[in-house]
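Please open the structure in your viewer and get ready to select a few things one after another. Each stop tells you what to pick and what you will find there.

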Amino acid sequence: MKTAGMGKAGKLPPPAPLRKLPRTAGFPLHNACSPARFAALFGLMPLLKVTDLRTYFHTRTGVYRAVDGVGFHLERGETLGIVGESGSGKSVTVHSLMGLIPRPPGRIESGSAVFDGVDLLACPPAALRSIRGKRISMIFQDPMTSLNPYLRVSDQLIEPLLIHEKISKAAALDRALAMLEAVGIHDAARRIHSYPHEFSGGMRQRVMIAMALITRPELLIADEPTTALDVTVQAQILELIKKMQGELGMAVIFITHDLGVVSGLCDRVLVMYAGRIVESADTRTLFYHPKHPYTRALQRSIPSTQPKGAELFTIPGLPPDVSKPIAGCAFTPRCVYATEFCKTRDPGLLPVASGHDQACLRVQAGEL
Ligand SMILES: Nc1ncnc2c1ncn2[C@@H]1O[C@H](COP(=O)(O)OP(=O)(O)OP(=O)(O)O)[C@@H](O)[C@H]1O
Ligand code: SF4
Ligand SMILES: [Mg+2]
């Protein structure tokens, strides 16, 4: 199991200004005239708005409330970080949006996820497939999840272009080559015809990024894309994602268990614990003025925020079993500030300042 907050932290830059981009791509006809679509077109709505998402797994050993009432929004061109320990529901959140939850045992119990006027949780499978292949892309932690070991990289890169853009094979190959060069594959003209196993781990990750970006998506979801890589390659891949985001102007959801990584990359951050968001704020506020005790503990466990030679702080205990009832705040057994009051009710995510929400009862009561 991964531990909280392990990894390096960059010096915190001021959060990048949000880039508002005009929407030009097409949209499914069945949604063409909906009020939501109209609002999206005129920039009245965020690119993505998730409301009250609940995804449970119904297993023989119980019902696991993996995601339990998550809501957030993402503006065009914005980078949103989602952090939290292993099992906090980060991947299940984004897999729910992408229609990747195995059913059974998974089930989306409630919620909506409106992407540019289209509810991803309610739209027909064919419409979701077409959005997923072109307008939303995903990079997984393990490149082999996306790469087919039996197909040449060239064939895998051009496939989405042939399906979604209906361009000629020669034009698709030109685009694929340009994309491989853009993600830093040397000698791309020769290597494009190689099989995935002929690339090193870091290079495979670059190929996967090229695959995710080749359709010029409006939203890239990167689920711990660097965890399996060594530190130097990690830094290169993060830099590459940032550079490609700048070039393509896309929004990014960046998932990590490492709060340090989000500091140099994200405009805003959501902190997840036991299937819920416990704090959300712009990156600078979250780092310099965290409110929730869990966020503060995560921050203390970033090595570079500690004095030299100090023992690395780790959060004691383990996250709760989300198949069992939880009385009050789920962080109670591990929280240094916990009192009996914390078990009395379920904390909601409430604003502490404009754009800054948190879910600690004692902060809400003005005690912390
Ligand atoms: N296929 C499944 N069957 C049963 N429960 C599942 C399944 N997939 C996920 N879960 C439950 O959902 C919880 C959240 O899982 P998720 O993969 O979203 O965690 P995560 O935050 O992405 O963790 P990590 O950092 O390890 O990737 C798990 O702890 C588990 O209880
Ligand atoms: S509600 Fe209590 S247990 Fe939960 S984070 Fe706040 S102080 Fe800690
Ligand atoms: Mg995960």
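The tour below goes through two sheets, a helix pair, some unusual backbone spots and two ligands.

Before you start, keep in mind that you are looking at a predicted model.

**Stop 1: the four-stranded sheet**

Select β1, β2, β4 and β5. These four strands form an open sheet in the order β2-β1-β4-β5, and the pairing is antiparallel. Which are the edge strands? They are β2 and β5 (118–119), each of which pairs on one side only. Now zoom in on β4 (residues 106–115) and β5: two bridges join these antiparallel strands. Show valine 114 and you will see aspartate 119 of β5 standing opposite. Strands of a sheet pair through backbone hydrogen bonds, either parallel or antiparallel.

Next, add α2 to the selection. This helix lies across β1, β2 and β4, and runs at about 70° to β2.

**Stop 2: unusual backbone spots**

Most residues other than glycine have a negative phi, and most peptide bonds are trans. Here are some exceptions to look at. In strand β1, pick aspartate 52; its phi is positive, near 45°, although the residue is not a glycine.

Then move to the loop between α2 and β4, where you will find proline 104. A cis peptide bond, with omega about -10°, joins arginine 103 to proline 104. Proline 105 has its place in the loop between α2 and β4 as well. The bond from proline 104 to proline 105 is also cis, with omega near 5°.

**Stop 3: ligand 1**

Select ligand 1 and the residues around it. How many are there? There are 17, and those that come nearest are Ala66, Ser86, Gly87, Ser91 and Val92. You have already met some of the elements here: β1 (48–59), β2 (62–74) and α2 (90–97) each supply at least two residues of the shell. The largest share, three residues, comes from α2. Coloured by class, the shell around ligand 1 shows seven nonpolar, eight polar and two charged residues.

**Stop 4: the eight-stranded sheet**

Now turn to the other sheet. Eight strands form this open sheet in the order β6-β7-β8-β3-β9-β10-β12-β11, with mixed pairing. Its edge strands are β6 (136–139) and β11 (350–353), each pairing on one side only. On average, neighbouring strands are turned by 20° against each other, direction ignored.

Select β3 (residues 79–83) and β9 (residues 268–273): four bridges join them, and they run parallel. Glycine 81 has valine 269 in β9 as its bridge partner. Add helix α11 (residues 293–300), which packs on the sheet and touches β3, β9 and β10 (276–282). The direction of α11 makes about 105° with that of β9.

**Stop 5: a pair of helices**

Select α4 (residues 153–164) and α5 (residues 169–182). Their axes come within 9 Å and cross at roughly 120°, which makes α4 oblique to α5. The crossing is right-handed. To see the contact, show Ser154, Leu157, Ile158, Leu161 and Leu162 in α4, which meet Lys169, Ala172, Leu173, Arg175, Ala176 and Met179 in α5. By class, this contact has eight nonpolar, one polar and two charged residues.

**Stop 6: ligand 2**

For the last stop, select ligand 2 and its 13 surrounding residues. Which of them come nearest? The answer is Cys329, Cys335, Ala338, Cys342 and Cys360. The shell around ligand 2 has 10 nonpolar, two polar and one charged residues.

Note on methods
Residues are numbered from 1 along each chain as its sequence is written. Chains are lettered from A and ligands numbered from 1 in the order in which they are written. This is a predicted model: local features need pLDDT of at least 70, side-chain atom pairs count only at pLDDT 80 or more; totals for chains, interfaces and linings use all residues. A residue is near a molecule or strand if its C-beta atom, placed from the backbone, lies within 6 Å of it. Ala, Val, Leu, Ile, Met, Phe, Trp, Tyr, Cys and Pro count as nonpolar, Asp, Glu, Lys and Arg as charged, and the others, Gly among them, as polar. Two strands pair if DSSP finds at least two bridges between them. Two residues are in contact if their C-beta atoms, placed from the backbone, lie within 7 Å. Axes are lines fitted to C-alpha atoms, for helices over the stretch in contact, and angles run from 0 to 180 degrees between N-to-C directions. Angles under 35 degrees count as roughly parallel, over 145 as roughly antiparallel, 65 to 115 as roughly perpendicular and the rest as oblique. A crossing is left-handed if the near helix is turned anticlockwise from the far one by less than a right angle, and right-handed if clockwise.
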